[in-house]
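Hi everyone, thanks for coming. I'd like to walk you through a structure that is new to most of us, so let's bring it up on the screen.

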Amino acid sequence: MTVREIDLDELRRREGAVVLDVRSPAEFAAGHLPGAVNLPLDELPGAARRFAGQDVVAVCASGGRSAMAAQVLDAAGARAWSLTGGTQAWVRAGHPIEHGATR
């Protein structure tokens, strides 16, 4: 299965998409994209169906875990993308991040 990827510019234009951070709660609390929801990758298979029919952009640190998450989400009926370069690319581009645990 091919994973769809989305870059930073396209993410900023994709209003209404759920930004799903699949890193651990500790990684998420240390800094995440504004408005992101945290659901660790190991918990995603049991919860993926709740995103069926929605646009979801999966995010991790650099893109590996989010690619796996996008596959799980697609299989559950979501329209999913993986953010190319992940949170690291977001920070390198100078975009703001939020801190704290929000699930």
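Let's begin with the sheet: 5 strands form an open sheet, in the order 1-5-4-2-3, and their pairing is parallel. At the edges sit strand 1 (5-6) and strand 3 (37-38), each of which pairs on one side only. Do keep in mind that this is a predicted model.

Now look at strand 2, residues 18-21, and strand 4, residues 55-59: they run parallel and are joined by 4 bridges. If you'd like one pair to find on the screen, valine 19 in strand 2 has valine 57 in strand 4 as its bridge partner. Packing on this sheet is helix 4, residues 64-75, which touches strand 2, strand 4 and strand 5 (79-83). The direction of helix 4 makes about 180° with that of strand 5.

Let's stay with helix 4. Its 12 residues reach 17 Å from first C-alpha to last, close to the 16 Å expected at 1.5 Å a residue. Which residues of helix 4 are buried? They are Ser66, Ala69, Ala70, Leu73 and Asp74. These five lie on the same side of helix 4, because they cover an arc of only 135° around the axis. As a general reminder, an α-helix has 3.6 residues a turn, so residues three or four places apart point the same way. Here, the buried residues pack against strand 2, helix 3 (44-47), strand 4 and strand 5. Just after helix 4 comes glycine 77, with a positive phi of about 100°.

One last stop: alanine 30, in helix 2 (residues 25-30). Is alanine 30 buried or exposed? It counts as exposed, because its relative accessibility is 53% and the cut-off for exposed is over 50%.

Methods:
Residues are numbered from 1 along each chain as its sequence is written. This is a predicted model: local features need pLDDT of at least 70, side-chain atom pairs count only at pLDDT 80 or more; totals for chains, interfaces and linings use all residues. Side-chain values use heavy atoms; hydrogens and water are left out. Two strands pair if DSSP finds at least two bridges between them. Helices (H or I, at least four residues) and strands (E, at least two) are DSSP runs, numbered from the N terminus. Contact means heavy atoms within 4.5 Å. Axes are lines fitted to C-alpha atoms, for helices over the stretch in contact, and angles run from 0 to 180 degrees between N-to-C directions. Buried means under 20% relative accessible area, exposed over 50%, partly exposed in between (1.4 Å probe, protein chains only). The expected span of a helix is 1.5 Å times one less than its number of residues. The arc is that of the directions from the helix axis to the C-beta atoms.
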